[in-house]
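Biologist: Could you walk me through this one, and tell me what each term rests on?

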Amino acid sequence: MDTRHLQTLRIKIIAMALTFSLLPLFVLGLTVYYQFSEAYWNKIMESARTLAQNRRDTLELFLSERIAQLQTLAHSESFAKLSDELYLEKMFNVMQANSKSYIDLGIIDDEGNHVAYVGPHYNKLKPVNYAEADWFHHAMSAGVYVSDVFLGFRKTPHFVIAVTCGHGSRMWILRATINSEIIESIVRLGQVGRRGDAFLVNSKNIMQTQSRFSGDILTQPKVPDFSPTVAATVERHWLGNEEFIFSTSRLSKPKWVLVVREDPNELLAPLFRTRYLGGSVLALGVIIVVVGTIMTTRSMTDELMRIQRQKAVTDDLLMQSGKMAALGKMAAGVAHEINNPLQVVSEYAGRMMDLLEKKDLAENPDLKEFEYCIKKIDRQVERCRDVTHRMLRFGRRMDPTNEVADINYILQETLTFLENEALHRDIELEVTYDYDLPEVTTDASQLQQVFLNIIDNAIDAVGNGGKVSVRTAAGTQREEVLVEIHDNGPGIPANILNKIFDPLFTTKAANSGTGLGLSISHSIMEKLGGRITVDSKEGEGTTFTIYLPCGPRLA
């Protein structure tokens, strides 16, 4: 299989596997995260709404209690008693014992005069007439009035609660100044986190309490205008480059609006942690899937390549065996065809020798020349007969066999096929036989093909004038026979030494080799139970060693 085609196939398999494995993973992860995010956002918004409503309820409860205290005092005591500042102070102390929320207490008649006063600003406030003050007119008309925060004669921010009471045609007001710090403390409980904020605004969008980040009291806040708010709301607004959640809720008396600001980054911290954790788990899953897919695909393609190589070797062996079988049959046919005329030539040469022994020819002056020529013919006939006998033996050995083989004889017979080429190229063939080799049971035909391939490669490697050495020997323990074939050629580079037995791999020039000889030889030796090793250094030549096990070979 082409390496480029294999790489393309590997990429396609990886792409398909990752698509069908990661796509559902991403869809599931995004769906779960989206649903979780929506649910968490809804929970945060509802929590913000609840926080604002709870703070509002607490403020209204505080103001309602103060109003109820003042109304109880105003309706349970007469104007005359309360106008007595000693008695008024006594009532003030009783009220302060239960709640430290009052700053001062005063009785004001229907003309705005300060009839009685108890508090820290006696000299400053007792002479004041409130007939022109806005809160005075609202209190006289409404019966109960809670003012906005204002500076007044004190020149400090404060607000008052006024309760109107009357007997007959006489109307008077019980007025109390409330400690705004208590209101501030209740509002501050709505500040959540490091960047949370909470404050009150009146109907004119003027801040009634101090804010952490949105501005000072009695100024307009640096946030959207929430003063028109009627029902409780939760909104998301951008301030510059930052997003905040604003929850609002309106008080009934006075008509203030409680504004609570929260930083979603703080509120969403658990969601972010979940997202990071989910992202990490997803990334880890993706890495595992990708690595597993690549490893599995590589294993599959490597196995496919191994099968293709094995198939190529098997196909090449079958093709080579077919060629050798056809060559054997052709060699046997040619040998039979040549043996017949050679037999005739041999018979007539013998007949001529018989004729030369007759008396009438014995004295012929060319008798010796005739004898020389006839002997020459007979020797050439014997030589041709040897060649045809070898061809016949070669043809008969095409089918696999399992027989006792003489390694020296097989090697010698193989070299006869290469002697002429070596002689023609002035290559020295040096052969050293060990004539005390152990017995080997093998397939002589297949083994001869191995010898032929390796020696032929050695002859090609050394070139003209080179040297090829062949040696047989027994193993150290005589458990195997080895055949060593060494050439003094250029050697094989170290970076390709481990590839020379691969199918279709060749170091020869284009159209000079198929790259199958060594692969087929390696496969044959594995089937015969032997092995081939190679040792090569550039510039020093190459040595192939063939090992064959001794004794009977299992079929």
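**Cores, a sheet and a helix**

Modeller: In the largest nonpolar core, 41 residues strong, Leu70, Leu105 and Phe159 touch the most other members. Helix 1 (residues 3–76) gives the most to this core, with 9 residues. Before going on: this is a predicted model, where local features need pLDDT of at least 70, side-chain atom pairs count only at pLDDT 80 or more, and totals for chains, interfaces and linings use all residues. Numbering runs from 1 along each chain as its sequence is written, and side-chain values use heavy atoms, leaving out hydrogens and water.

Biologist: What makes a set of residues a nonpolar core?

Modeller: Its members are buried Ala, Val, Leu, Ile, Met, Phe, Trp, Tyr and Cys residues joined through side-chain atoms within 4.5 Å. Buried means under 20% relative accessible area, with a 1.4 Å probe and protein chains only. Apart from this core lies another, of 37 residues, Ala405 and Leu437 among them.

Biologist: How do you know that strand 8 and strand 9 pair?

Modeller: Pairing takes at least two DSSP bridges, and 6 join strand 8 (residues 242–250) to strand 9 (residues 257–262), so they pair, antiparallel. One bridge links Ile245 to Glu262 of strand 9. Strands are DSSP E runs of at least two residues, helices H or I runs of at least four, numbered from the N terminus. The open sheet has the order 6-9-8-7, with strand 6 and strand 7 at the edges.

Biologist: Why are the buried residues of helix 6 said to share a side?

Modeller: In helix 6 (residues 180–188) they are Ser180, Ile183, Glu184, Ile186 and Val187. Their arc around the axis is only 165°, so they sit on the same side of helix 6; the arc is taken from the directions from the helix axis to the C-beta atoms.

Technical notes. Buried < 20%, exposed > 50% of the residue type's maximum accessible area, 1.4 Å probe, protein only.
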